[in-house]
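Take a look at the structure below. A short report on it follows.

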Number of protein chains: 2
Amino acid sequence: MSPKVSDEHRESKRKEILQAAMRVFIRQGYHAATMKDVVEESGLSRGGVYLYFSSTEEMMLALLEEMDRENENQAEELLRRHRTVGEAIDSLLGHLLEELVHIREGAIPVVFETFAAEWRRQTFGRLLERRYASAVSRFAELLRVGERRGEFRPRLPAETIAKMFVSFNDGLMADAMQFGAEAMDARGQIEAYRLSLRYLLGAAGRAAEA
Amino acid sequence: MSPKVSDEHRESKRKEILQAAMRVFIRQGYHAATMKDVVEESGLSRGGVYLYFSSTEEMMLALLEEMDRENENQAEELLRRHRTVGEAIDSLLGHLLEELVHIREGAIPVVFETFAAEWRRQTFGRLLERRYASAVSRFAELLRVGERRGEFRPRLPAETIAKMFVSFNDGLMADAMQFGAEAMDARGQIEAYRLSLRYLLGAAGRAAEA
DNA sequence: TTGGAAAATGACATTCGTGTCGTTTTATGA
DNA sequence: TCATAAAACGACACGAATGTCATTTTCCAA
């Protein structure tokens with residue numbers, strides 16, 4: 001009588017497989033990736049992998065959940081590290097630029113591809129909506145903090161500006177992954193957006209005069 | 001001796017197949033679509049379809065070219081129909097809103113999916129770059145006309161603002177197709193963007209005062 | 001050290017779309 | 001009307017990935 005290995009080992013093997021899957025996804029794209037590919041990349045046997053996941057879709061969903069969990073507390077973190085909301089947003093934009101430059105090496109194109117192909121299906125649709133609502137409300141909350149502190153006097157509802165932020169983010173990522181950060185002038189576009197945001201937020205101090 | 005049918009008939013049959021393909025793509029997505037699906041949708045036989053196209057990829061490429069050809073002269077058309085560049089841009093934004101509302105019924109999600117999955121491959125990469133360069137230069141040219149006419153005094157290079165326009169466009173479309181125009185507040189976002197654009201362009205007249 | 005239960009293996013049958021190709025149909029010119 | 005060449009058809013063989021499962025290996029507890 002004896003479960004042969006347990007908990008930690010099982011969990012770490014799961015992680016191992018997921019990492020192999022992500023490598024394959026990044027290299028080939030989500031839809032071009034087969035169970036066969038992941039099996040080979042992981043170095044395990046076919047049966048072994050199937051013991052943990054029975055499709056690339058399951059793997060993708062697990063990876064998405066994992067990524068979501070990591071991004072959870074990003075907003076509070078930002079506020080903790082910066083004195084003003086304006087600075088927090090600047091930092092966010094700086095981080096975004098960094099992300100755009102290296103976008104092809106990471107998971108974002110894969111996530112993009114997955115959602116672009118699977119939005120029709122409930123499983124992914126629900127996940128998408130959760131992610132969107134969460135991203136919007138986190139950023140909107142940030143804006144409201146700035147509003148309460150007297151940093152901003154927004155010309156439009158925080159919710160709308162937050163949604164615009166998300167849309168522009170998505171657009172930048174799509175274009176950066178397809179044309180490269182250089183060709184789409186990531187730096188210039190982010191600067192343009194910084195100016196626009198200041199204007200829309202009615203940032204106190206410098207900002208909105210001609 | 002006689003080629004049995006010719007030119008027109010052949011061309012119209014080709015169109016017919018492409019239309020069937022597009023219906024399948026819109027219904028199921030590009031990657032979920034198989035030659036079998038298109039054959040069934042078109043009502044022709046397997047061999048008949050293969051006489052014209054030997055993969056869904058060929059069909060997609062043909063459809064993309066067709067769409068590109070249609071969008072060719074859009075910019076001049078706009079200028080012809082509006083007295084000022086500002087009005088032309090407003091009209092463009094209005095048209096965009098309309099597009100966002102009905103986005104799920106049209107080809108845009110399919111195009112998005114295709115590029116999100118295939119950007120790694122040269123065939124699509126080249127096409128993408130052509131489309132991007134063309135979109136950017138068309139819009140930048142529009143802005144320069146406004147500048148020359150004294151309508152604008154841009155705070156940033158026209159090229160950068162044009163690229164921002166394209167990115168935001170792409171982001172809006174991505175979000176609209178995934179969450180619906182309602183949930184992502186298409187109208188509000190476009191209004192926010194209209195304000196931002198006015199500000200960035202330093203539009204003469206109203207615009208940029210607090 | 002050994003018995004046994006879970007984990008891991010990989011060969012195999014199955015499924016599904018692909019592409020081909022011999023046959024049939026169709027449309028013209030003679 | 002007929003001959004004929006192209007167009008359209010659809011059955012079939014092929015290939016690739018899937019998912020299973022009988023067998024082997026591994027690890028713990030007694």
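This report covers the symmetry of the two chains, one helix and the aromatic pairs.

**Symmetry.** The model is a predicted one. Chain A superposes on chain B after a rotation of 180 degrees, with 0.0 Å of shift along the axis. The RMSD of that fit is 0.0 Å. The two copies are thus related as by a two-fold rotation axis. Which C-alpha of chain A is nearest the axis? That of A:Gly171, which is 1.8 Å from the axis. The same surface serves both copies. Of the contact residues of chain A, 100% recur in chain B.

**Helix α8 of chain B.** This helix runs over residues 122-148 and has 27 residues. From its first C-alpha to its last it reaches 38 Å. That is close to the 39 Å expected at 1.5 Å a residue. Which residues of α8(B) are buried? Among them are B:Phe124, B:Leu127, B:Leu128, B:Tyr132, B:Val136 and B:Phe139. The buried set also includes B:Ala140, B:Leu142, B:Leu143 and B:Val145. Two glycines, B:Gly125 and B:Gly146, are buried as well. Just after the helix comes B:Gly150, with a positive phi of about 80 degrees.

**Aromatic pairs.** Over all chains, the structure holds 13 aromatic pairs. Two of them are set out here.

| Pair | Centre to centre | Angle between planes | Class |
|---|---|---|---|
| A:Phe168 and A:Tyr193 | 4.5 Å | 40 degrees | tilted |
| A:Phe179 and B:Tyr132 | 4.0 Å | 20 degrees | stacked |

Take the tilted pair, A:Phe168 and A:Tyr193. The pair links distant parts of the chain, 25 residues apart. A:Phe168 sits in helix α9 of chain A, residues 158-179. A:Tyr193 sits in helix α10 of chain A, residues 186-201. Are these rings buried or exposed? A:Phe168 is buried, with a relative accessible area of 2%. A:Tyr193 is buried too, at 1%.

Now the stacked pair, A:Phe179 and B:Tyr132. A:Phe179 lies in helix α9 of chain A, and B:Tyr132 lies in helix α8 of chain B, so the pair joins two chains. Both A:Phe179 and B:Tyr132 are buried.

**A ring cluster.** Ring pairs also build a cluster. From chain A, the cluster takes in A:Phe139, A:Phe165, A:Phe168 and A:Tyr193. From chain B, it takes in B:Phe139, B:Phe165, B:Phe168 and B:Tyr193. One of these residues, B:Phe139, is also a buried residue of α8(B).

Definitions and conventions:
Residues numbered from 1 in each chain as written. Chains lettered and ligands numbered in written order. Predicted model: local features only at pLDDT ≥ 70, side-chain atom pairs only at ≥ 80, totals over all residues. Heavy atoms only, no water. Helix = DSSP H or I, 4+ residues; strand = E, 2+ residues; numbered from the N terminus. Expected span 1.5 Å × (residues − 1). Buried < 20%, exposed > 50% of the residue type's maximum accessible area, 1.4 Å probe, protein only. Least-squares fit on C-alpha atoms with pLDDT ≥ 70 in both. Contact = heavy atoms within 4.5 Å. Phe/Tyr/Trp six-rings, centres within 6.5 Å; stacked < 30°, edge-to-face > 60°.
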